[in-house]
Amino acid sequence: MDKHTQTARDLLPLVGGAHNVTSVANCISRLRLGIADPSRIRAQEIKDHPAVMGVVEDDTYQIVLGPAAVGQVATAFQRLVEDERATAPPPPGTDTGAGASADSLAAKGAAMKADQKRKNATKGKLFIRKIANIFVPLIPALIACGVIAGVGGILNSIALSSGSDALSGVIPITTALAQGFMSLIAVFVGYNAAKEFGGTPILGGAVAAIVVYPGVANITSTFFGELKPSQGGVLGALAAAVLCAYLERWARRWVPDALQVLLVPTIAVFLSGLVALLLLMPLAGTIANGIGDGATWLLTHAGAGAGVVLGGLFSSLVMLGLHQALIPIHTTLIEQQGYSALYPILAMAGGGQAGAALAVYFRARRNTSLRRTIKSALPTCALGVSEPVIYGVTLPLVRPFITAGVGAAVGGGIVGLFSQLGVTTGSTAIGPAGLVLVPLLDGSKGIGPAALIYTGAWLVAAGVACAVTYFFGFSKSMLADLNTDPEPAGTTTPAPAPADRLQEEPAPDRDRTPATL
């Protein structure tokens, strides 16, 4: 049995068994479980499991496992749930004839879930989450194409400097591998958008394909003139696919059952495609150009100030769930310019969190439990997964979370300052953060300068956050509490370590991507 299957097998009884699990899903770093009865969860045992980096309670119960493990654990967990449901009877109290029925327990779980949703979500944030759900599944392909593009750029530089014909012949291959997905990204956005908004995914992909079809160059819009292939990009495809989903649902209510197979998809694609050609593509193109021009102007004229503000506030945006609204902006910039110059600035938040956690480690010398948590969380934070640090250390302590933002602001200001001086640093993909982002970097001067600027700024962010947190991140009472001996002399019952309380502090999750970005 491999370690991921063993992790799934360990976690299943701790969440109340298969009959207590209503759904299984995962994002880039978390196993997301729907739970019928939260009182059955053995939360502390889950947090103590060596494979678990943290726990977040939201509308689903989320176990942070990290990007390397979560996919395989989720697959194994789903299989174990299905097997147990098929072979094992429900535990006492889950489904009895005389006691609580399955319906009553389901209603109880649904009520708890709805109550949690009301506390942690608003209409605006739920809409933003829907938009994020469209783009998050694209992240693995963006990462793969970004890495290939980076390798191709390095090979191209070597070929130009050495005059190697062999390397020159490789460049078209890496270009095709890197750009194939990007040339059709609008189709994938349309597919996911229709699925997210209740339509048939393939119809969303079909109407989105109109955006990238070369033949649109032969069409002239009544109000906007000649069209260009890919005009409006992912934003145009997103709008067209959402419209297609709504038109499809409308048509299903009015078209007779006997004609639905023929007429519903035809009506949805025809009407939404027509609106896309005549209105959505030109409007989305104007918006996309505005995003690109706006980002360029901002970093050219006020790069340092913009970097300070964006880097310093990004962790707070994550806590509010507003960072998901930036995903379409990053994707639009990557589609237009080849990289997002805003993403590396925001990634400074991870450096700030790492530095603040390191300061807590130095200040809490007698708190072995908290120091052990930080030692295990810091490497993952440096590799771009900062959730264990945020939810287990800085956010519950409050002050270190704020001082982490100070370090991130300095790092963001450095990246922004270089952009203002004409040396732009950008990311060719979204999702990774920390030092893992380095292979995905590009910029106005190539990957070399971009990597140096980003790495240096990230380390400065961590260093500044560590210093500021060390000297200003604690009150006297906080330090006394953090350094309380967990086993006072003359007692036999261990006193609870502060880290235990910190780890039990619930924090609302706002994303389906890593907390830093």
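## A tour from the second largest pocket outward

The second largest pocket, with a volume of about 520 Å³, is the place to begin. This is a predicted model, in which local features need pLDDT of at least 70 and side-chain atom pairs count only at pLDDT 80 or more, while totals for chains, interfaces and linings use all residues. Residues are numbered from 1 along each chain as its sequence is written, and side-chain values use heavy atoms, with hydrogens and water left out.

**The pocket.** Select Ala149, Gln179, Gly338, Thr428 and Asp442, which lie nearest the centre of the second largest pocket among its 33 lining residues. A pocket here is an open set of points on a 1 Å grid over the protein atoms alone, where a 1.4 Å probe fits and protein lies on both sides within 12 Å along at least five of seven lines; lining residues have an atom within 4 Å of a point. Its volume is the space filled by probe spheres set on the points, which are joined across faces, edges and corners. Next colour helix H6 (139-162), helix H7 (165-183), helix H8 (185-196), helix H12 (327-337) and strand E8 (441-443), each of which supplies at least two residues of this lining. H6 gives the most, with eleven residues. Helices (H or I, at least four residues) and strands (E, at least two) are DSSP runs numbered from the N terminus.

**The paired strands.** Move now to strand E2 (residues 30-35), where six of the six residues are buried, so that E2 is largely enclosed by the rest of the structure. Buried means under 20% relative accessible area, exposed means over 50%, and partly exposed lies in between (1.4 Å probe, protein chains only). In a regular strand the side chains alternate between the two faces of the sheet. Show the side chains of E2 to see both faces covered, with Arg30, Arg32 and Gly34 buried on one side and Leu31, Leu33 and Ile35 buried on the other.

Add strand E1 (residues 21-26), which runs antiparallel to E2 and is joined to it by five bridges; two strands count as paired if DSSP finds at least two bridges between them. Val24 stands opposite Leu33 in E2, and E1 and E2 form a hairpin with three residues between them. Then add strand E4 (residues 61-64), which is antiparallel to E2 and joined to it by four bridges, with Val64 in E4 as the bridge partner of Arg30. Strand E3 (residues 54-57) is in turn joined to E4 by four bridges in antiparallel fashion. Here Val55 stands opposite Ile63 in E4, and a hairpin joins E3 to E4 through three residues.

**The salt bridges.** The structure holds three salt bridges, each defined by a side-chain nitrogen of Lys or Arg within 4 Å of a carboxyl oxygen of Asp or Glu. Select Asp37 and Arg40, whose side chains meet at 3.8 Å, N to O; Asp37 counts as buried at 13% relative accessibility, whereas Arg40 is partly exposed at 28%. Continue to Arg42 and Glu45, which meet at 3.2 Å, N to O, with Arg42 partly exposed at 38% and Glu45 partly exposed at 40%. For the pair Glu248 and Arg252, at 3.0 Å, N to O, turn to helix H10 (residues 233-254), where the two residues lie four residues apart, about one turn of the helix. Glu248 is buried at 3% relative accessibility, while Arg252 is partly exposed at 39%.

**Two positive phi values.** Most residues other than glycine have a negative phi. Ser230, although not a glycine, has a positive phi of about 70 degrees and sits in the loop between strand E6 (225-226) and H10. Next select Val398, where phi is near 70 degrees, in the loop between helix H16 (387-397) and helix H17 (399-420); at 48% relative accessibility, Val398 counts as partly exposed.

**A nonpolar patch.** Finish by selecting Phe224, Phe270, Leu271, Leu274, Val275, Leu278, Leu279 and Leu283, which make a nonpolar surface patch of about 640 Å². Patches are made of residues with over 30% relative accessible area and no salt bridge, like charges being joined within 9 Å and nonpolar side chains (Val, Leu, Ile, Met, Phe, Trp, Tyr) within 5 Å; accessible areas come from the Shrake-Rupley method with a 1.4 Å probe, and for residues only the protein chains shown count as cover. Within this patch, Val275 belongs to helix H11 (residues 260-320) and is partly exposed at 33% relative accessibility.
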